[in-house]
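Could you walk me through this structure step by step, in plain words? I'd like to understand how the pieces fit together.

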Amino acid sequence: SDLTNWLRADLLKLVIVTDESTTITIVKELTEELGDQLNVTRSYPIFAETISPIASKGRALRKLAAHLGIQIERVMGIGDNLNDLDLVEVAGFGVAMGNGAPEVKAQADYVTDDVDGDGVATALEKFILQR
């Protein structure tokens, strides 16, 4: 039915699973039609995801850092897919996984190894543990 009917419900998240090209189309169309009412993104090449327009990993990271009394400039954010893009942008030091989306890699301060190469561990060892 009409997706706008769901916007009146207390809905946390909607994930549409399909092939990659259809997912790209769905994200584009939903963003154009409902972009101010929903945060529309991809969390995996085949997952189109919608959440509240005020919910994002970047926003959560800012709140967590403030709650812990840590300057956001001193926070490392690591991500791979489009739902991590604002987290990588907001963090003082943004890291993209080697197998991440090109858009995330383009915004990152550093691109680490892919998930199979222990990219998170590599970034932590290089920038946190070696200091």
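Right after helix α2 comes G69, and its phi is positive, near 75°. Keep in mind as you look around that this is a predicted model, so every angle and distance here is computed from predicted coordinates.

Let's stay with α2 for a moment. It covers residues 57-68, which makes 12 residues, and at 1.5 Å a residue these should span 16 Å. The end C-alpha atoms are 16 Å apart, which agrees. Now ask which residues of α2 are buried. They are G58, L61 and A65. Look down the axis of α2 and these buried residues fall within an arc of 55°, so they line one face of the helix. There's a neat bit of background to this: an α-helix has 3.6 residues a turn, so residues three or four places apart point the same way. On the other side of α2 you'll find K63, A66 and H67, which are exposed. And what covers the buried residues? Helix α3 (85-90) is included in that cover.

Time to zoom out. The protein chain has 5 helices and 6 strands, and if you read along the sequence they follow the pattern β-α-β-β-α-β-α-β-α-β-α. The C-alpha trace spans about 55 × 35 × 20 Å along its principal axes. Of the 131 residues in the chain, 31% are buried. If you take contacts between residues at least 6 apart in sequence, 34% of them join residues at least 24 apart.

How far can you trust the picture? The mean pLDDT of the chain is 90, and 92% of its residues reach 70 or more. Confidence is lowest in β2, with a mean of 86, and highest in β6, at 98. As a rule of thumb, where pLDDT is low, the predicted coordinates should not be read in detail.

Now for the sheets. Strands of a sheet pair through backbone hydrogen bonds, either parallel or antiparallel. Start with the open sheet whose 3 strands come in the order β1-β3-β2, with antiparallel pairing. Its edge strands are β1 and β2, each of which pairs on one side only. On average, neighbouring strands in this sheet are turned by 25° against each other, direction ignored. Between β2 and β3 there are 5 bridges, in the antiparallel sense. To pick out a bridge by eye, find V40, whose bridge partner in β3 is T50.

Helix α1 lies across β1, β2 and β3, and it runs at about 165° to β2. This helix takes in residues 20-34, 15 residues in total, and reaches 20 Å from its first C-alpha to its last, close to the 21 Å expected at 1.5 Å a residue. Its buried residues are T23, I26, V27, L30 and L34. Seen down the axis of α1, they fall within an arc of 100°, so they line one face of the helix. Turn to the face pointing away from that buried side and you meet the exposed residues K28 and E32. The cover over the buried residues of α1 includes β1 (13-17), β2 (39-44) and β3 (47-51).

There's another open sheet to visit. Its 3 strands stand in the order β4-β5-β6, and here the pairing is parallel. Because β4 (76-79) and β6 (110-111) are at the edges, each with a single partner strand, one side of each is left without a neighbour in the sheet. Strand β5 (residues 93-96) is joined to β6 by 2 bridges, and the two run parallel. Look at V95 to see how this works: its bridge partner in β6 is Y110. Helix α5 (residues 119-129) packs on this sheet, touching β4, β5 and β6, and its direction makes about 160° with that of β4.

One last stop is D118, in the loop between β6 and α5. Is D118 buried or exposed? With 52% relative accessibility, D118 counts as exposed, because the cut-off for that is over 50%. Its backbone is worth a look too: phi of D118 is near 60°, a positive value in a residue other than glycine. For context, most residues other than glycine have a negative phi.

Key:
Residues numbered from 1 in each chain as written. Predicted model: local features only at pLDDT ≥ 70, side-chain atom pairs only at ≥ 80, totals over all residues. Heavy atoms only, no water. Pairing = 2+ DSSP bridges. Helix = DSSP H or I, 4+ residues; strand = E, 2+ residues; numbered from the N terminus. Contact = heavy atoms within 4.5 Å. Axes fitted to C-alpha atoms, helices over the stretch in contact; angles between N-to-C directions. Expected span 1.5 Å × (residues − 1). Buried < 20%, exposed > 50% of the residue type's maximum accessible area, 1.4 Å probe, protein only. Arc of directions from axis to C-beta. pLDDT = per-residue confidence, 0-100.
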